[in-house]
Amino acid sequence: MKAIFQTREGQLICKASSLDYTTRQRAVKVAISKGAQTLQSTDERGRVQDLTHILQNRVLSFRHSL
């Protein structure tokens, strides 16, 4: 199932061919590198999933490890 990862504001983060765990984690890494504050995925059926909590947890754990 194809998916698009973007911020809530509509900035494209990346496109993917699936929505599995590994793909979501890669999208989070790309979003962090682009300085995104929010993240959501949209599948080919138009279903939207908010992934901001995953993004924020990753950023917090990174900062905590410094």
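In helix α1, the residues Thr-23, Gln-25, Ala-27, Val-28 and Ala-31 are buried, where buried means under 20% relative accessible area, exposed over 50% and partly exposed in between, with a 1.4 Å probe and protein chains only. The model is predicted, so that local features need pLDDT of at least 70 and side-chain atom pairs count only at pLDDT 80 or more, while totals for chains, interfaces and linings use all residues. Residues are numbered from 1 along each chain as its sequence is written, and side-chain values use heavy atoms, with hydrogens and water left out.

Helices (H or I, at least four residues) and strands (E, at least two) are DSSP runs numbered from the N terminus. The 13 residues of α1 reach 19 Å from the first C-alpha to the last, close to the 18 Å expected at 1.5 Å a residue, the expected span being 1.5 Å times one less than the number of residues. What covers the buried residues of α1 includes β1, β2 and α2 (52–65). Just after α1, Gly-35 takes a positive phi of about 75°.

Several of these helix residues belong to the largest nonpolar core, whose 12 residues are Ala-3, Phe-5, Ile-13, Cys-14, Ala-16, Ala-27, Val-28, Ala-31, Ala-36, Leu-39, Leu-51 and Leu-55. Such a core is a set of buried Ala, Val, Leu, Ile, Met, Phe, Trp, Tyr and Cys residues joined through side-chain atoms within 4.5 Å. At least two residues of this core come from each of β1 (3–6), β2 (12–16) and α1 (21–33). Leaving aside residues up to four places away in sequence, Ala-27 touches Phe-5, Ile-13, Cys-14 and Leu-39, contact meaning heavy atoms within 4.5 Å. In soluble globular proteins, nonpolar side chains tend to be buried together.

Ala-16 lies in strand β2 and is buried, with a relative accessible area of 17%. Beyond residues up to four places away in sequence, Ala-16 touches Met-1, Lys-2, Ala-3, Phe-5 and Thr-23. The C-alpha atoms of Ala-16 and Val-28, which are 12 residues apart along the chain, are separated by 12 Å.

A polar residue can be followed in a similar way: Gln-40 is in strand β3 (residues 40–43) and counts as buried at 14% relative accessibility. Among the residues that Gln-40 touches, not counting those up to four places away in sequence, are Ile-4, Phe-5, Gln-6, Val-48 and Leu-51.
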